[in-house]
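The following exercises are to be solved with the sequence and the model at hand. Each task is followed by a solution in steps.

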Amino acid sequence: MRTLALLIAAVGILLEGLVIGVVLVALGGVIDAYSMSLNGTDPSMAQAAVKIMGVALAVLLVVLAAGLAAAAARGRHARRMTFAALVIQCVVVVIAGIGLGWAVFAGTLVVLGTLLYALLDDSHQPATGGRPAR
């Protein structure tokens, strides 16, 4: 079941990464097209910064999704990567809840829930602690 949760989370994070990258690159184009005044700052600098941030965030999320998918394919737990994805997903859920609508918020919550399940599921872990059997 953890493998399925990791795969669902990987697909969700992959989609989020692609959408975030496309939106930020398009936003950079909007800044350039309208030649917005940013309190005396050069608009081309803001445009480049937004586009670079969009590409960097998209690459980060795609790499994270690939790592989660690889962990699911190997049947491994990948606690560190799952925890990192959980923290990033919490930020995405807050942003989605504030300004992107209920459908996006619900979708990001599903990904957050599967990550939380994958992190807390220890059904494949051997029992530890206690006294050894004699």
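**Exercise 1.** Determine which residues G17 is in contact with, leaving aside its neighbours within four places in sequence.

*Solution.* Contact means heavy atoms within 4.5 Å. By this criterion, and with neighbours within four places in sequence left aside, G17 touches A58 and L61. Next, place the residue: G17 belongs to helix 1, where helices (H or I, at least four residues) and strands (E, at least two) are DSSP runs numbered from the N terminus. Then consider the backbone: the C-alpha atoms of G17 and L57 are 6.8 Å apart, although 40 residues separate the two along the chain. Finally, assess exposure: G17 counts as buried because its relative accessibility is 0%. Buried means under 20% relative accessible area, exposed over 50%, and partly exposed in between (1.4 Å probe, protein chains only).

The model is predicted: local features need pLDDT of at least 70, side-chain atom pairs count only at pLDDT 80 or more, and totals for chains, interfaces and linings use all residues. Residues are numbered from 1 along each chain as its sequence is written, and side-chain values use heavy atoms, with hydrogens and water left out.

**Exercise 2.** Describe the overall architecture of the protein in terms of helices and strands.

*Solution.* The protein has four helices and zero strands, which gives the pattern α-α-α-α along the sequence. Of its 134 residues, 31% count as buried. Among contacts between residues at least 6 apart in sequence, 69% join residues at least 24 apart.

**Exercise 3.** Compare the expected span of helix 2 with the distance between its end C-alpha atoms, and identify its buried residues.

*Solution.* The expected span is 1.5 Å times one less than the number of residues. For the 32 residues of helix 2 this gives 46 Å, and the end C-alpha atoms are 46 Å apart, so the two values agree. The buried residues of helix 2 include A46, Q47, V50, G54 and A58. The buried residues of this helix pack against helix 1, helix 3 and helix 4. Take Q47 as an example: this residue of helix 2 is classed as buried because its relative accessible area is 14%. Apart from neighbours within four places in sequence, Q47 is in contact with G28, I31 and D32. After helix 2 comes G75, with a positive phi near 75°.

**Exercise 4.** Which residues of the largest nonpolar core touch the most other members?

*Solution.* A nonpolar core is a set of buried Ala, Val, Leu, Ile, Met, Phe, Trp, Tyr and Cys residues joined through side-chain atoms within 4.5 Å. The largest one holds 19 residues, and L6, I13, L68, A85, L86, V111 and L115 touch the most other members. Helix 1, helix 2, helix 3 and helix 4 each supply at least two residues of this core, and helix 2 gives the largest share, six residues. Beyond residues up to four places away in sequence, L6 touches L68, A71, A72, R76, H77, T82 and A118.

**Exercise 5.** Which helix gives the most to the lining of the largest pocket?

*Solution.* On a 1 Å grid over the protein atoms alone, a pocket is an open set of points where a 1.4 Å probe fits, with protein on both sides within 12 Å along at least five of seven lines; lining residues have an atom within 4 Å of a point. The lining comprises 21 residues, with E16, V19, I20, V92 and L100 nearest the centre of the pocket. Helix 1 contributes the most, seven residues.
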